[in-house]
Amino acid sequence: MEISNEVVFTVCGLRVTESIVVSWIVIGVILLLSFLLTRGFKITHIGKRQAFMEWAVTSLQNIVRNMIGPEGERYVGYLVAVLLYIGTCNIAGVFGFDPPTKDLSITAALALMSIVLIQAASIRHNRVGGWIKGFTKPAALVTPINIMELAIRPLSLCMRLFGNVLGAYIIMELIDGLCPVGVPIIASLYFDFFDGLLQAYVFVFLTSLFIKEGLED
């Protein structure tokens with residue numbers, strides 16, 4: 001079994017891999033569906049499509065709100081977008097694509113974005129002085145450990161998502177090669193949908209948890 005991430009083309013010496021192209025496709029599909037499904041919305045006498053979309057968006061927002069709390073309301077939109085992106089990437093295998101999240105560079109970029117947001121949220125809430133002082137909690141003795149967490153947290157976010165998605169991808173490849181017809185379809189429903197959406201939820205949950213910690217005075 002070969003796990004490849006072929007270079008599709010290069011731009012000014014930068015290699016654009018298959019994972020990046022699939023990510024662009026995922027982003028394009030999400031944007032296109034967002035545009036098509038929200039056209040013609042009304043304030044009164046709404047249709048079934050609008051009612052369903054409002055329910056879906058509200059449900060996703062409430063899921064994130066329950067994670068991050070009322071203090072993090074301004075970050076709900078970003079986290080919902082990340083949830084949709086990772087969830088869609090993880091189920092890309094159903095449509096014949098390799099999940100972009102099995103590429104370490106994709107998960108590393110997501111983790112870096114999250115950790116920058118976490119620190120920015122803490123600085124915005126506590127100011128620079130309060131943010132620096134936070135490294136001394138609960139005691140000045142643990143300051144070096146708290147500083148190390150600036151690197152440990154994004155690494156844990158990155159490796160957790162990457163490892164789970166790559167592991168599921170390898171298992172699916174083995175099942176495709178060893179099991180009779182029908183078994184891979186059942187396994188795909190679990191690994192691509194249940195496990196894929198679960199990993200998206202876990203990533204957003206941990207990011208929300210870290211942001212919530214940073215918003216503490």
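In this predicted model, Glu-73 and Arg-65 join in a salt bridge, with 2.9 Å between their closest N and O atoms. Neither partner is hidden away or fully out in the open: Glu-73 comes out as partly exposed at 38% relative accessibility, and Arg-65 is likewise partly exposed, at 28%. In general terms, side chains of opposite charge can pair when their charged atoms come close. The total for the model is 3 salt bridges, and the other two are taken up next.

Both of these involve Arg-153. One is formed with Glu-149, where the N to O distance is 3.6 Å. These two residues sit in helix α5, which covers residues 143-178, and they are 4 residues apart, or about one turn of the helix. What about their exposure? Arg-153 has a relative accessible area of 18%, and so it falls under the 20% limit and is buried. Glu-149, at 30%, is partly exposed.

The other bridge runs from Arg-153 to Glu-213, whose closest N and O atoms are 2.7 Å apart. Here the link reaches between distant parts of the chain, since Arg-153 belongs to helix α5 while Glu-213 belongs to helix α6 (residues 183-214), and 60 residues separate the two. Glu-213 is partly exposed, with 34% relative accessibility. Taken together, Glu-149, Arg-153 and Glu-213 make up a network of salt bridges.

Arg-65 also turns up in a helix-helix contact. Helix α2 (residues 48-68) packs with helix α3 (residues 76-90) at an angle of about 115°, and the two axes are 9 Å apart. The crossing of this pair is right-handed. On the α2 side, the contact is made by Leu-60, Gln-61, Val-64, Arg-65 and Ile-68. Facing them from α3 are Val-76, Leu-79, Val-80, Leu-83 and Leu-84. Sorted by character, the residues of this contact come to 8 nonpolar, 1 polar and 1 charged. The charged one is Arg-65, the residue that also forms the salt bridge with Glu-73.

Now for the rings. The count of aromatic pairs is 3, and two of them are described here. In the pair of Phe-52 and Trp-55, the ring centres lie 5.8 Å apart and the planes meet at 40°, so the arrangement is tilted. That angle is neither under 30 degrees, as stacked rings would need, nor over 60, as edge-to-face rings would need. Both residues belong to helix α2, and because they are 3 residues apart there, about one helical turn separates them. Phe-52 is exposed, and so is Trp-55.

Trp-131 and Phe-135 give an edge-to-face pair, with 5.2 Å from centre to centre and 75° between the planes. Is each of these two residues buried, partly exposed or exposed? Trp-131 is partly exposed at 22% relative accessibility, whereas Phe-135, with a relative accessible area of 13%, is buried.

Technical notes:
Residues numbered from 1 in each chain as written. Predicted model: local features only at pLDDT ≥ 70, side-chain atom pairs only at ≥ 80, totals over all residues. Heavy atoms only, no water. Axes fitted to C-alpha atoms, helices over the stretch in contact; angles between N-to-C directions. Left-handed = near helix turned anticlockwise from the far one by under 90°. Contact = heavy atoms within 4.5 Å. Phe/Tyr/Trp six-rings, centres within 6.5 Å; stacked < 30°, edge-to-face > 60°. Buried < 20%, exposed > 50% of the residue type's maximum accessible area, 1.4 Å probe, protein only. Salt bridge = Lys/Arg side-chain N within 4 Å of Asp/Glu carboxyl O.
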